[in-house]
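Reader: I am new to this and would like a close look at one part of this model. Please start there and then work outwards.

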Amino acid sequence: HIIPTLGLDVCTMPKWASSREELKLTVSAELRAYLLDSFGNSSRIDYGSGHELHFFVFLMVGCIYLSDGKLVADHTELPPPMVAGLKDLVLVVFKDYLDLCRMIQSRYCLEPAGSKGVYGLDDYHHLPYIFGASQLEGAEKQKEDPILPKHITDANKVDAHRGRYMYFEMIGWINENKKGPFHEHSTILYNISGIDDWERITRGMFKMHTGEVMGKFVVIQHFLFGKTLPCLLYTSPSPRDS
């Protein structure tokens with residue numbers, strides 16, 4: 001329902017269009033914008049967490065919340081098959097997207113958008129660390145071959161796990177592309193490795209993304225809002241109203 005119409009530039013709806021057709025065309029137009037902005041900025045020649053966020057929104061809106069031409073009002077009531085599909089969306093589709101982005105970043109020497117250097121997770125991404133930590137929840141409690149957060153500082157452990165776990169794949173990329181001690185070029189990730197369980201890391205990553213990506217104007221000012229995801233501004237009450 002979505003992909004064939006991504007190439008359309010929809011400005012107005014024909015008078016004869018039904019509400020279902022109008023919804024499909026509107027969402028398709030917005031999805032097209034999200035997808036085109038998922039691979040970096042062509043003017044600044046950079047890439048950052050805002051671009052990966054747009055691809056995530058593309059997946060969520062296009063493949064989950066749109067069902068038979070109707071938006072699902074409450075994602076907590078998704079049918080079990082669709083919930084199961086979330087894992088494939090992240091570990092297969094989003095993983096392929098990451099591989100493509102890594103190739104683009106390397107080939108065209110994309111600058112990190114708003115990079116904080118050693119104080120960021122890495123120069124480009126944040127969401128994969130959330131997904132990766134979530135994938136590993138409970139792995140530290142395995143009786144045989146437990147996978148601990150501190151293993152990210154062990155190159156042999158990283159190589160052994162990176163083919164299966166997204167978190168270790170991200171760490172492996174850092175090891176291949178950055179020089180020097182890990183605790184110097186990836187300070188936050190190194191400090192996080194001292195936490196003893198993956199669930200706590202997942203929660204912390206969520207909070208960090210909320211504060212450092214969603215809560216930063218320099219990032220969110222470039223986010224594309226529309227009918228699918230409207231911008232709901234909160235205005236603090238004035239002293240006179242309180």
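What is the relative accessible area of I45?

Author: The model is predicted. In it, I45 has a relative accessible area of 38%. Partly exposed runs from 20% to 50%, so I45 counts as partly exposed. Look at where I45 sits. Its place is the loop between helix 1, residues 19-36, and strand 1, residues 46-47. Now check the backbone. I45 has a positive phi of about 55°, and yet I45 is not a glycine. Most residues other than glycine have a negative phi.

There is another case to set beside I45. C109 also has a positive phi, about 50°, without being a glycine. C109 is in a loop too, between helix 3 (80-107) and strand 4 (111-112). Its relative accessible area is 58%. The cut-off for exposed is over 50%, so C109 counts as exposed.

Now step along the chain to helix 2, residues 49-65. S49 belongs to this helix. S49 is buried, at 16% relative accessible area. What does S49 touch, apart from residues up to four places away in sequence? The list is Y124, V213 and V219.

F56 is in helix 2 as well. F56 is partly exposed, with a relative accessible area of 22%. Buried means under 20%, so F56 misses that class. Beyond its neighbours within four places in sequence, F56 contacts F94, L127 and F131. F56 and L35 are 21 residues apart along the chain, and their C-alpha atoms are 9.2 Å apart.

Follow F56 to its partners L127 and F131. Both are among the buried residues of helix 4. The others are P128, Y129, I130, G132 and A133. That puts seven of the nine residues of helix 4 in the buried class, so the rest of the structure largely encloses this helix.

Which residues of helix 9 meet helix 4? They are W198, I201, T202, M205, F206 and H209. On the helix 4 side, the residues are L127, Y129, I130, A133 and S134. By class, this contact has eight nonpolar residues, three polar ones and no charged ones. So L127 appears twice in this story: L127 touches F56, and L127 also takes part in the meeting with helix 9.

Next, the geometry of that pair. Helix 4 covers residues 127-135 and helix 9 covers residues 198-214. Their axes are 8 Å apart, at an angle of about 160°. That makes the two helices roughly antiparallel. The crossing of helix 4 past helix 9 is left-handed.

One more loop is worth a stop. R164 lies between helix 5 (155-161) and helix 6 (166-177). R164 is exposed, at 65% relative accessible area. In sequence, R164 and L91 are 73 residues apart, but their C-alpha atoms are 9.3 Å apart in space.

Finally, step back to the whole chain. It has ten helices and four strands. From the N terminus, the order is α-β-α-β-β-α-β-α-α-α-α-α-α-α. The chain has 242 residues, and 39% of them count as buried. Take the contacts with a separation of 6 or more: 65% of them link residues 24 or more positions apart. The chain exposes about 14,500 Å², and carbon and sulfur atoms supply 56% of that area.

Terms used:
Residues are numbered from 1 along each chain as its sequence is written. This is a predicted model: local features need pLDDT of at least 70, side-chain atom pairs count only at pLDDT 80 or more; totals for chains, interfaces and linings use all residues. Side-chain values use heavy atoms; hydrogens and water are left out. Buried means under 20% relative accessible area, exposed over 50%, partly exposed in between (1.4 Å probe, protein chains only). Contact means heavy atoms within 4.5 Å. Accessible areas come from the Shrake-Rupley method with a 1.4 Å probe; for residues, only the protein chains shown count as cover. Axes are lines fitted to C-alpha atoms, for helices over the stretch in contact, and angles run from 0 to 180 degrees between N-to-C directions. Angles under 35 degrees count as roughly parallel, over 145 as roughly antiparallel, 65 to 115 as roughly perpendicular and the rest as oblique. A crossing is left-handed if the near helix is turned anticlockwise from the far one by less than a right angle, and right-handed if clockwise. Ala, Val, Leu, Ile, Met, Phe, Trp, Tyr, Cys and Pro count as nonpolar, Asp, Glu, Lys and Arg as charged, and the others, Gly among them, as polar.
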